[in-house]
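Me: Please take a close look at one part of this protein for me, the place where its domains meet. I would also like to know what the sheets around it are made of.

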Amino acid sequence: MRIACVGGGPAGLYFALLMKLREPGHDITVLERNTADSTQGWGVTLGRDLLEELHRCDPVSAQEIHQAAFSQFDQVVDIHGRQVLYPGGGGYGISRQRLLDILACRAQGLGVRVEFGHEVMPASQLPTADLIVACDGVNSRVRQEAGAFQADVRLGDNKYLWLGTSKVFESFTYAFVPTDRGWVWAYCYGIGGGQSTFIVECSSETWAGLGFGTLSPQDGLSVLEKLFEGHLDEHPLLGQVQPGPGAGWLNFRTVTSRRWYDGRIVLAGDAAHTTHYTTGSGTILAIEDAIALAGNLQRHPGDQKLALASYERQRKAALRRPQSDARFSARWFESISRYADLEAHEFSALLHGRQSPLLPHLPPRLYHRLHQVTEEVTVLGELRRRLGPKAKALYSRYKPGQPGSGSAIRD
Ligand SMILES: Cc1cc2nc3c(=O)[nH]c(=O)nc-3n(C[C@H](O)[C@H](O)[C@H](O)COP(=O)(O)OP(=O)(O)OC[C@H]3O[C@@H](n4cnc5c(N)ncnc54)[C@H](O)[C@@H]3O)c2cc1C
């Protein structure tokens, strides 16, 4: 089978290596417009579940990813000069470049041709192949030009900037900073190699009010370094080299596609769907697409249409929950002024409960109280189940009213 993957991100590379691993006779090419050593974005988080899945699919690359990943055990919410700590709430962070290097190297070692610096231009230039996997990212040219996928693309209200820093954040940290134009916050996590990802976000009004749209990239970084000086311990912020005022700032694009395949073309990863980065799941879902696509092609040899239909059905169903979570998560951060006056422990409890469909419809303090009560009932129910007759004695020692979420506050 001749396969061409347009785009050498996690979806394209992982699919290519899996297919080659399962059937060395396949002729597989990955066409990637960037050079081998340049990618957009800093690092991403990967959950423990994904690493286990990678070990099942290809222990060789999984081992390398595991070794390169930086383990963050805790999460911290830093607001109003207080830090609320969630022990054990973290995952793994890895530099995007390192992840792609590992996948490209493994794919090439198995015999996949990876052509860097090869941009697929108009759809008429699509390579001759039995199967074309369009895994060319959120702005997929193949998806847009083919027109058959009926994609819906929505722009988020907030602005974000994907930066790095040489400060190593040991815990996944949400850092919130007030300004006279509104809140600015950052998601910070270690990614190995003495670096961390540092994603800055704020409302469009705050962004305009602070002048980020007119500042050069370097001046913009200086303003952000000043704003976050309490978190950076004199480490610099690192941008990607881009010209022009306001460069690098984006509004997140949420993509959904009604159809995932058309003839010999199939979508995978961000080309098919995106989920807001505040749920840290886009890379995971892209790799899961690759696993599902390879699995379905293997299950239905000789019937590509059936394989693609089954892949589309399976992945659409799997995406329902993450897409809903991502929508609520994005909306929570777009409504930050609704929550920012809460006490630090209330704010961070609601930040962690932001995927609830109920939260936008209830006053935040009332929701927080309900959340506490439900947690207490759950904890008590679990104690009763586990301890049986001994539970009564323990109930009398348990003090309702304490945060039941396992968080702790540091000043
Ligand atoms: C700020 C931010 C933070 C994120 N953090 C996380 C996180 O913590 N955890 C997580 O799981 N996900 C995260 N994500 C999401 C994640 O980055 C994406 O979901 C993931 O990269 C999707 O993989 P992909 O292979 O589908 O697409 P991409 O990684 O976008 O790869 C597409 C590739 O196609 C290439 N390409 C595009 N057009 C062409 C063309 N015409 N010809 C040839 N090549 C082409 C591009 O150069 C690119 O290399 C984050 C996203 C953002 C924006």
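Reply: What follows goes from the domains to their interface, and then to the sheets and the salt bridges.

The model is predicted. Its domain assignment splits the protein chain into two parts: domain 1 covers 2-40 + 50-69 + 96-155 + 253-332, and domain 2 covers 159-238. Domain 1 is therefore written as several segments of the chain, while domain 2 is written as one range. Taken over C-alpha atoms, the centres of domain 1 and domain 2 are 30 Å apart. Where the two meet, five residues of domain 1 are in contact with six residues of domain 2.

How much area do domain 1 and domain 2 bury between them? The value is about 460 Å², and 66% of it lies on carbon and sulfur atoms. On the side of domain 1, three residues stand out: R96, Y277 and T278 provide 71% of the area that this domain buries against domain 2, more than any other three residues. The residues of domain 1 that touch domain 2 comprise two nonpolar, two polar and one charged. Between the two domains there are zero salt bridges. One residue pair in polar contact is found across the interface, with both residues at pLDDT 80 or more.

Salt bridges do occur elsewhere, since a search of the whole structure finds twelve of them. One of these joins the side chains of E145 and R141, with 3.0 Å from N to O. Both residues belong to helix α5 (residues 141-146), and because they are four residues apart, about one helical turn separates them.

Now the sheets. One is an open sheet of six strands with mixed pairing, in the order β8-β2-β1-β9-β18-β17. Its edges are β8 (113-116) and β17 (261-262); each has a single partner strand, so one side of each has no neighbour in the sheet. Within this order, β1 (residues 2-6) and β9 (residues 131-134) run parallel and are joined by four bridges. In this pair, V6 of the one strand stands opposite A134 in β9.

Another open sheet has three strands, ordered β3-β7-β4, and its pairing is antiparallel. Here β3 (43-46) and β4 (70-71) are the edge strands, each with a single partner, so one side of each is left without a neighbour in the sheet. Strand β4 is joined to strand β7 (residues 92-95) by two bridges, and these strands run antiparallel. S71 stands opposite Y92 in β7.

To return to the request: the domains meet through five residues of domain 1 and six residues of domain 2, with zero salt bridges between them.

How values were computed. Residues are numbered from 1 along each chain as its sequence is written. This is a predicted model: local features need pLDDT of at least 70, side-chain atom pairs count only at pLDDT 80 or more; totals for chains, interfaces and linings use all residues. Side-chain values use heavy atoms; hydrogens and water are left out. Domain bounds come from an automatic or database domain assignment. Contact means heavy atoms within 4.5 Å. Buried area is the accessible area (1.4 Å probe) that two parts lose on being put together, summed over both. A salt bridge is a side-chain nitrogen of Lys or Arg within 4 Å of a carboxyl oxygen of Asp or Glu. A polar contact is a pair of N or O atoms within 3.5 Å; within protein, one must be able to donate a hydrogen and the other to accept it, and residues adjacent in sequence count only if both atoms are side-chain atoms. Ala, Val, Leu, Ile, Met, Phe, Trp, Tyr, Cys and Pro count as nonpolar, Asp, Glu, Lys and Arg as charged, and the others, Gly among them, as polar. Two strands pair if DSSP finds at least two bridges between them.
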